[in-house]
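Visitor: Could you take me through one part of this model in close-up? I'd like to hear about the aromatic rings and the nonpolar core.

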Amino acid sequence: MDFEDRKKADKDDSELPYSQTLNEKLNFIRNRITELRMSKDISERALSLDIGKSESYIRQVSSGKITPALEPLIQICERLSIDIAEFFDPDFHNPDLLHIAFDQLKKLSDEDIAFVITLMKKLEK
């Protein structure tokens, strides 16, 4: 495959249906880092330095110039006190509060947990 063929293949790949989905997922990662970082009142610079990166690393991630590899993403999650599964759950907001609630639920009997679930369903209506 010569250079022109590779260029055409790259162009064709960018038009595949998954490219939009991939873009959405990358935007989610960028926005999620910003959301969680701001909820903890941590600056981009501080988070960058906390995970051992250059002071502009998180700014570059947030602006879409770079995408974090798995290891820095895990470090970001650890610094923000959230596990990687929670990071990718778009409905998981206010992790500190949810962790406290979960810790309290673990102390309850099955009967009490069922009661709390019933109460939560009523509050949801």
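Guide: One term before we dig in: contact here means heavy atoms within 4.5 Å. Keep in mind, too, that this is a predicted model. With that cut-off, and skipping neighbours within four places in sequence, Ile-76 is in contact with Ile-33, Leu-47, Ile-51 and Ile-58. Ile-76 also belongs to the largest nonpolar core, a set of 16 residues, where Ile-33, Leu-47, Ile-58, Ile-76 and Phe-87 touch the most other members. Helix H2 (18-39), helix H4 (57-62) and helix H5 (70-79) each chip in at least two residues of this core.

Now follow Phe-87 over to the rings. The whole structure has 3 aromatic pairs. In one of them, Phe-28 and Phe-87 meet edge-to-face, 6.4 Å centre to centre with 75 degrees between the planes. That pair links distant parts of the chain, since Phe-28 is in helix H2 and Phe-87 in helix H6 (residues 84-87), 59 residues apart. The two partners differ in exposure: Phe-87 is buried because its relative accessibility is 0%, under the 20% limit, while Phe-28 is partly exposed at 26%.

Phe-28 has another partner as well. Its ring and that of Phe-88 have centres 6.4 Å apart and planes at 25 degrees; that is under 30 degrees, so the pair is stacked. Phe-88 sits in the loop between H6 and helix H7 (95-106), so this pair ties Phe-28 in helix H2 to a part 60 residues away in sequence. Phe-88 is partly exposed, at 39% relative accessible area. Put together, Phe-28, Phe-87 and Phe-88 make up one aromatic cluster.

Methods:
Residues numbered from 1 in each chain as written. Predicted model: local features only at pLDDT ≥ 70, side-chain atom pairs only at ≥ 80, totals over all residues. Heavy atoms only, no water. Core = buried A, V, L, I, M, F, W, Y, C linked by side-chain atoms within 4.5 Å. Buried < 20%, exposed > 50% of the residue type's maximum accessible area, 1.4 Å probe, protein only. Helix = DSSP H or I, 4+ residues; strand = E, 2+ residues; numbered from the N terminus. Phe/Tyr/Trp six-rings, centres within 6.5 Å; stacked < 30°, edge-to-face > 60°.
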